[in-house]
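Me: I've got a structure up on my screen and would like to talk it through. Can we start at the surface and work from there?

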Amino acid sequence: MEDTIRAIVDQLCERLGYQRGPLNLDLVVTPEGEPYIIELGARTGGNGLDDLVRHCYGVDPVRAALQAAVGQPIHLAPHIPRPVMWRVLAAAHAGELASISGAALAE
């Protein structure tokens, strides 16, 4: 499936004339395994994903995007991936956050 997704993205970029810079996309996969792109944007990821990539691979996607935007060479030197996790915290009901405990342990 990875090859199929890569081919779809390559075709989209070719048709759009998009040759350089960040690209963020969302896709869904049908129960039959067919991928469909539902959103595509010429931007870095959001919601902390840039930090996740930086911690995992040692590559700063924001810096690379800025280098691409101003026509500078992009220098990437990723290290062996380190395990990372992204967790979304949500409350069961509306209210006011009064305190946070266990942050040092979580780090």
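Reply: Sure, and keep in mind that this is a predicted model. One definition before we start: a nonpolar patch is made of residues with over 30% relative accessible area and no salt bridge, with nonpolar side chains joined within 5 Å.

Me: Which residues make the nonpolar surface patch of about 250 Å²?

Reply: Take Leu27 as a test case. The cut-off for a patch is over 30% relative accessible area, and Leu27 is partly exposed at 31%. The patch of about 250 Å² is made by Met1, Leu27 and Val29.

Me: And which strand is Leu27 found in?

Reply: There are 2 strands in the protein, alongside 4 helices. Leu27 sits in the one that covers residues 24-29, and that is strand E1.

Me: How many bridges join E1 to strand E2?

Reply: E2 covers residues 35-41, and the two strands run antiparallel. One of the pairings puts Leu25 opposite its bridge partner Leu40 in E2. The number of bridges joining E1 to E2 is 6.

Me: Which residue in the hairpin turn has a positive phi?

Reply: E1 and E2 form a hairpin, with 5 residues between them. In that turn, a phi of about 90° belongs to Gly33.

Me: Zooming out, in what order do the elements of the protein run? And what is its radius of gyration?

Reply: From the N terminus on, the order is α-β-β-α-α-α. For 107 residues the globule rule gives 13 Å, and the protein comes out well over that, so it is more spread out than a compact globule. Its C-alpha trace spans about 50 × 40 × 25 Å along the principal axes. The radius of gyration itself is 18 Å.

Me: What share of the residues is buried?

Reply: Buried here means under 20% relative accessible area. The protein as a whole exposes about 9000 Å², with carbon and sulfur atoms supplying 55% of that. Of its 107 residues, the buried share is 13%.

Me: How many salt bridges does a search of the whole structure find?

Reply: Let's go through some of them. Glu39 and Arg43 meet at 3.7 Å, N to O, while Arg54 and Asp51 come to 2.8 Å. Glu2 also pairs with Arg6, at 3.2 Å. The search of the whole structure finds 4.

Me: Why are Glu2 and Arg6 separated by about one helical turn? And which residue is linked with them in a network of salt bridges?

Reply: They both lie in helix H1 (residues 2-16), and the separation is about one turn because they are 4 residues apart there. Glu2 is exposed at 57% relative accessibility, whereas Arg6 is partly exposed at 44%. The residue linked with them in the network is Asp3.

Me: Which helix holds Arg54 and Asp51?

Reply: These two are 3 residues apart, about one turn of the helix. Arg54 is partly exposed at 34%, and Asp51 is partly exposed at 41%. Both lie in residues 49-57, which is helix H2.

Me: Last one: leaving aside neighbours within four places in sequence, which residues is Trp86 in contact with?

Reply: Trp86 is found in the loop between helix H3 (61-69) and helix H4 (103-106). It is partly exposed, with a relative accessible area of 44%. Cys13 is 28 Å away from Trp86, C-alpha to C-alpha. With those sequence neighbours set aside, the contacts of Trp86 are Asn47, Leu49 and Leu52.

Key. Residues are numbered from 1 along each chain as its sequence is written. This is a predicted model: local features need pLDDT of at least 70, side-chain atom pairs count only at pLDDT 80 or more; totals for chains, interfaces and linings use all residues. Side-chain values use heavy atoms; hydrogens and water are left out. Patches are made of residues with over 30% relative accessible area and no salt bridge: like charges are joined within 9 Å, nonpolar side chains (Val, Leu, Ile, Met, Phe, Trp, Tyr) within 5 Å. Accessible areas come from the Shrake-Rupley method with a 1.4 Å probe; for residues, only the protein chains shown count as cover. A salt bridge is a side-chain nitrogen of Lys or Arg within 4 Å of a carboxyl oxygen of Asp or Glu. Buried means under 20% relative accessible area, exposed over 50%, partly exposed in between (1.4 Å probe, protein chains only). Two strands pair if DSSP finds at least two bridges between them. The radius of gyration is taken over C-alpha atoms; the globule rule is 2.2 Å times the number of residues to the power 0.38. Contact means heavy atoms within 4.5 Å.
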